[in-house]
Amino acid sequence: VDSANAGRVLASDAAVFLKKSGLTDLVLGKIWDLADTDGKGILNKQQFFVALRLVACAQNGLDVSLSSLNLPVPPPRFTDTNSPLLLSGTASSDLPWAVKLEDKVKYDAIFDSLNPVNGLLSGDKVKPVLLNSKLPVDILGRVWELSDIDRDGMLDRDEFAVAMFLVYCALEKEPVPMSLPAALVPPSKRKPLSVPGAMPLIPSSTSTKESHPSLPPVGILAAKTPLTQ
């Protein structure tokens, strides 16, 4: 990333590289805030290492916080042909899908019972099912964000299976990951993902600390909804 060997990485260069981790902008913004300790929009080598370590924590379902820095985690993964840390040499398209066939049959039955339109379920139709799990709204928000892979505000049959898989993991007290593991991406969605737009990932000098504590439950999950379904 520091191709000029200047001993520092600018925010714009770091943003392009960190995007390849597959983490959401919200998570990457938080990672940047923790790494860029003096708020200059530049990372030295030590701060860049902190950012990489936090990426690894997020990819392994750990909290993005300074207290996670000493926990043992595998190296961060970046999906880029030029990166030295390729996904252990196997193309993600060759990975078996983590959703088992017998579970998929059950998830498909639930999907069909919710009256999909053109093979898609809107957030309003999925919301009661998610809320029925009694999981915290912020967890359900992350489940929705991870399962709506093409970001169209709707879930197709495969995306719904991912949502159900994550809900059942959470009910088994397994942490919901910060980014969707390659093995959970449905085979139908495995194609080179273009980075949508040129969204500025790294906050400018004005800190975005305010936006982190209240993670919006991704629109569809208003906490006011009664949990009686």
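# Exposed turns and packed helices

Asn115 has a relative accessibility of 56% and therefore counts as exposed, since the cut-off for that class is over 50%. The model in which this residue is seen is a predicted one. Asn115 belongs to the loop that links helix H4, residues 101-113, to strand E3. Its phi is near 55°, a positive value in a residue other than glycine. The background to that remark is that most residues other than glycine have a negative phi.

Lys134 can be described in similar terms. Its phi is near 65°, again positive although the residue is not glycine. The loop that holds Lys134 runs between H5 and H6. At 53% relative accessibility Lys134 is over the 50% limit, so it counts as exposed.

These two loops belong to a chain of 229 residues, of which 41% count as buried. The chain has 7 helices and 4 strands. Read from the N terminus, its elements follow the order β-α-α-β-α-α-β-α-α-β-α. Among contacts between residues at least 6 apart in sequence, 63% join residues at least 24 apart.

Two stretches of the chain carry an annotation. The unreviewed UniProt entry places the feature "domain: EF-hand" at residues 23-58 and at residues 135-170. For residues 23-58, the C-alpha atoms at the two ends lie 8 Å apart, and the span is 69% helix and 8% strand. For residues 135-170, the end C-alpha atoms are 8 Å apart, with 69% of the span in helix and 8% in strand.

The helix pairs come next. Two packed helices are described by the angle between their axes and the distance between the axes. Helix H1 covers residues 11-19 and helix H2 covers residues 25-35. Their axes come within 11 Å and cross at roughly 135°, and H1 and H2 are therefore oblique to each other. H1 passes H2 in a right-handed crossing. On the H1 side the contact is made by Ala11, Ala14, Leu18 and Lys19, and on the H2 side by Asp25, Leu28 and Trp32. By class, the residues of this contact are 5 nonpolar, no polar and 2 charged.

H2 also packs with helix H3, which spans residues 45-59. The axes of H2 and H3 come within 9 Å and cross at roughly 145°, and this crossing is right-handed. From H2, the residues Val27, Leu28, Ile31, Leu34 and Ala35 take part. They meet Gln47, Val50, Ala51, Leu54, Val55 and Ala58 of H3. The contact of H2 with H3 has 10 nonpolar residues, 1 polar and no charged. Leu28 of H2 appears in the contact with H1 and in the contact with H3.

Further along the chain, H5 packs with H6 at an angle of about 135°, and their axes are 11 Å apart. That angle makes H5 oblique to H6. The crossing of H5 and H6 is right-handed. Gly123, Val126, Leu130 and Leu131 of H5 meet Leu140, Val143 and Trp144 of H6. This contact divides into 6 nonpolar residues, 1 polar and no charged.

Which residues of H6 are buried? In this helix, residues 137-147, they are Ile139, Leu140, Gly141, Val143, Trp144, Leu146 and Ser147. Leu140, Val143 and Trp144, listed here as buried, also take part in the contact with H5. The buried residues of H6 pack against strand E3 (120-122), helix H5 (123-131), strand E4 (154-156) and H7.

Leu146 leads on to Ser179. Ser179 is found in the segment after helix H7, residues 157-171. Its relative accessibility is 7%, and because buried means under 20%, Ser179 counts as buried. What does Ser179 contact, leaving aside its neighbours within four places in sequence? The residues in contact with it are Gly22, Leu23, Ala58, Gln59 and Leu146. Among them, Ala58 takes part in the contact of H3 with H2, and Leu146 is one of the buried residues of H6. Leu23 and Ala58 stand at the ends of the annotated span 23-58.

Key. Residues are numbered from 1 along each chain as its sequence is written. This is a predicted model: local features need pLDDT of at least 70, side-chain atom pairs count only at pLDDT 80 or more; totals for chains, interfaces and linings use all residues. Side-chain values use heavy atoms; hydrogens and water are left out. UniProt positions are given in the numbering used here, feature names are shortened, and annotations may be inferred rather than shown by experiment. Axes are lines fitted to C-alpha atoms, for helices over the stretch in contact, and angles run from 0 to 180 degrees between N-to-C directions. Angles under 35 degrees count as roughly parallel, over 145 as roughly antiparallel, 65 to 115 as roughly perpendicular and the rest as oblique. A crossing is left-handed if the near helix is turned anticlockwise from the far one by less than a right angle, and right-handed if clockwise. Contact means heavy atoms within 4.5 Å. Ala, Val, Leu, Ile, Met, Phe, Trp, Tyr, Cys and Pro count as nonpolar, Asp, Glu, Lys and Arg as charged, and the others, Gly among them, as polar. Buried means under 20% relative accessible area, exposed over 50%, partly exposed in between (1.4 Å probe, protein chains only).
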